Structure formats: C-alpha cells, structure tokens
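Biologist: I would like a close look at one part of this model, the second largest pocket and what surrounds it. Please keep it brisk.

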Amino acid sequence: MQKQFHKTDLSEVRQYIEENFTKQLSLGHLADITGLSSSYFSSAFKQAYHQSPMEFVTQLRIQKAKQLLQNEDVRMKFIAEAVGYSDEFYFSRVFKKVEGVPPTIYSGQQKSHIGVVTGNMMGYLHAAGLVPFAAPLSAKWTPYYFNLWKEQIEHKISLINNKNYCNLNELFQLQFDLLISPRDLPSEMVKLMEDHFPIYWLDDKKNCLMVLTELAVLLNRKKEAEQWITQYKTRLEEIRGQLGWIANQPKVLIIRIYQSHIFAYCNTGIQHLIYQDLGAVASYEHSGTYNEEITLDELAIMNVDKLFTIICPDDESRATWHHLQRNIGFKQLEAVKDQQTYVIHSDPWFEYSPIALRRMLEEVAFMMIP
C-alpha cells in the first residue's frame, strides 16, 4: 500500500535536490528517497511545487550555469560538468531550450561592467543571477560573498574604515556600465558619484523583494528574479508551517549587547523576516526599526517567548552576556526557562537584501525546527 506523502515530507527531498543538483540525479533515485513509486512521487511533487522534480533540477542547474557563464575564462565543458551534465553538447541543448539562446550567446550578453558600492548590494545581484564586475569583497566584512565569488569578481574594492561602503578613489580607477548604490551615503560622496558614474540609486529601506523586481527589470533579469522570489516564498511557507507561528504567535525579542550595554534591537531585515514574513509579535513595543538601550530590570519584566541575542565580538560584550545569563531576573524570562534563546551573528542579520533574507530564514529553520 502506498504511504500518504505530505508536502512537509516533500520539502525534505526538495532540499536534497537543492543541495545535490550538481550530481547525477534521476527520477528513480529521488523517488527511492521518499519510498514512493516514480510516477506517484512525480505527480505529488508537481502538485506541491507546480513543476516536476526533474524540471526543478534543470532550473537549479541553469541558474548556476548562468552565474558561471559570467566568467570569461571558464570553458563550456567545465561549466557543463560543474552543474551536473557530463556532455557539454547536451548541456547546450538544455540551456537553449530553457533560455532561448545557446550558452555561448548568453555568455556574450552578460559581459557588462556592473559595480556595487556596499556589501548588501551584492545580495540583490546574486538573487538576480548576476556577479558584479567590482564590489567590496572582504573575508572579514563580507565573508559570504567573499567565499562565494572570490574567484569571479574581477575588482575587489576595499571598504572605508568602519564604514559599509567602498573606497571612492578605487572606484574612480574603473569604468562602469552601471554602478549600484544606496543613497544614504555622505552627501559629498553622492555628488561625486553622480558626476562620474552612470548610477542606479537602490532604496534598501523598501521591501527588498519589491526592489529586486525593479532592479531586475532594469538589468533584463526579470525572469531570474521572479524565479528566485517564487523559491523564497515556497520555502517561507514550508518553514512557517513547521514553526506554527501563525496559529500561535510567539512574542519575540532581539537584544544587542555592546560592551556593558543591552539594547532592544530591530533592523529592516529582522522586521521583514521575523515580524512580517514569519508572523511573530514584538515583545518590545516600538514601531519600525529601533536600537534602544534597556536595563536589566526592564528586560526582566518583558513577556518573551523567544529571545535572539547579538553579541558584539569584543571581550567586554562577551563578559556582559555571561553576566546576563547568571542574572536572576533574566533566568525568569519564559524564553530562558523554556530554552528558547538563540545567539545570532551580524552576518547575515545586519544585512538587508534578498539573499540575506533567505539566509536568515534558513538559520531560523535550523535553530528551531527539530
């Protein structure tokens, strides 16, 4: 008798595909993972995700291939093998069927020189399937993108000390087809960039998925952005269902510890993911984003079901966190008694971009879903 297979179960094999799509995958192999027949599994997957399992495999492979095709020095045979095809000619036929042009033609269309001024701008381009020509790539300040693109980004621009934006003098040494930047920079820097570069001012205070769509239209990447957003929303629904927060909204507090100070904290990304997309309720009653210092006494009387803590990476901040964990009032918080406390880090929680949003979502799932 065929076992009943639910969407929540299918999410496991879907995640398996996302993690292994560059390997040799077959419908039979994927069906074996679920314990279903190939035909039943294929039908159930398509009903849940509106595409067959192998169409999903192909989609992921072509998305990865499009990123690799932006590197002029990579041979087509290497790209085919890197995304799971042993035959480069078969890969070319599949690519043309999906994109309408062969990969060699597509590659020639992608050689535009696009630069970004801040780290989070890379999160928009990545979701649109683009690798920037120049970006603030740093093992310390932008580790995710450094590990992802250290071999692909041609010009690695240094960051101004203690700032989130590029060294302008280094940008002036390059020619850009388009420079992408937020506008909330020093006014003299905004004026200089407007005078020297074709620039797109990206509003990273607005909903990042809406902004991604707007940027993708400009860059002729609407299809890629729509696919990325669909994947994000599908994954969001899976995790929302597993968390159960919509039916039983938890009261959530995020605190930031800096030296001897404790702050109730909410940035744009946290507001979007935790309170908007996942449906939690804020324990700290304050509208919008905030970074407000609170006392131990104020913290002790808050109604907190789940507590997230961001600890600045210095000795005094870590000592404050250890002291807080021994505090009697802190121990009386429901979140602490129920072992619902989670330490999170600036990467990705201080970045607001589509990619950071997806990474935060996956981190919540990893921490809270058994």
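Which element gives the largest share of the lining of the second largest pocket, and how many residues does that element give?

Modeller: Helix α4 does, with five residues. The model is predicted: local features need pLDDT of at least 70, side-chain atom pairs count only at pLDDT 80 or more, and totals for chains, interfaces and linings use all residues. Residues are numbered from 1 along each chain as its sequence is written, and side-chain values use heavy atoms, with hydrogens and water left out.

Start with the pocket itself. A pocket here is an open set of points on a 1 Å grid over the protein atoms alone, where a 1.4 Å probe fits and protein lies on both sides within 12 Å along at least five of seven lines; lining residues have an atom within 4 Å of a point. The second largest one has a volume of about 780 Å³ (the space filled by probe spheres set on points joined across faces, edges and corners). Its lining counts 24 residues, and L60, H126, Y144, W228 and Q231 are the closest to its centre. Six elements each give two or more residues: α1 (7–20), α4 (53–68), α8, α9, α13 and α20 (354–368). Helices are DSSP runs of H or I with at least four residues, strands are E runs of at least two, and both are numbered from the N terminus. By class, the lining has 10 charged, eight nonpolar and six polar residues. Asp, Glu, Lys and Arg count as charged; Ala, Val, Leu, Ile, Met, Phe, Trp, Tyr, Cys and Pro as nonpolar; the others, Gly among them, as polar.

The largest pocket makes a useful reference. It holds about 1,300 Å³ of space. Among its 38 lining residues, W141, N164, S346, F350 and E351 are the closest to the centre. Elements giving two or more residues there include α8 (119–127) and α9 (143–149). Helices α8 and α9 are also on the list for the second largest pocket. The classes split into 19 nonpolar, 11 polar and eight charged in the largest pocket.

Now look at α13, which spans residues 222–243 and holds R235. E238 lies in this helix too. R235 is buried at a relative accessible area of 8% (buried is under 20%, exposed over 50%, partly exposed in between, with a 1.4 Å probe and protein chains only). E238 is also buried, again at 8%. Their side chains share a polar contact of 3.0 Å, meaning a pair of N or O atoms within 3.5 Å; within protein, one must be able to donate a hydrogen and the other to accept it, and residues adjacent in sequence count only if both atoms are side-chain atoms. The E238 side chain makes another polar contact, to the side chain of Y49, also at 3.0 Å.

What else do they touch? Contact means heavy atoms within 4.5 Å. Leaving aside neighbours within four places in sequence, R235 is in contact with Q15, R358, L361, E362 and A365. On that basis, E238 is in contact with S11, R14 and Y49.

One more residue is worth a look. F95 sits in helix α6, residues 88–99. At 0% relative accessibility, F95 is buried. Its C-alpha atom is 9.2 Å from that of R61, although 34 residues separate the two along the chain. Beyond four places in sequence, the contacts of F95 include I62, A65, K66 and L69.
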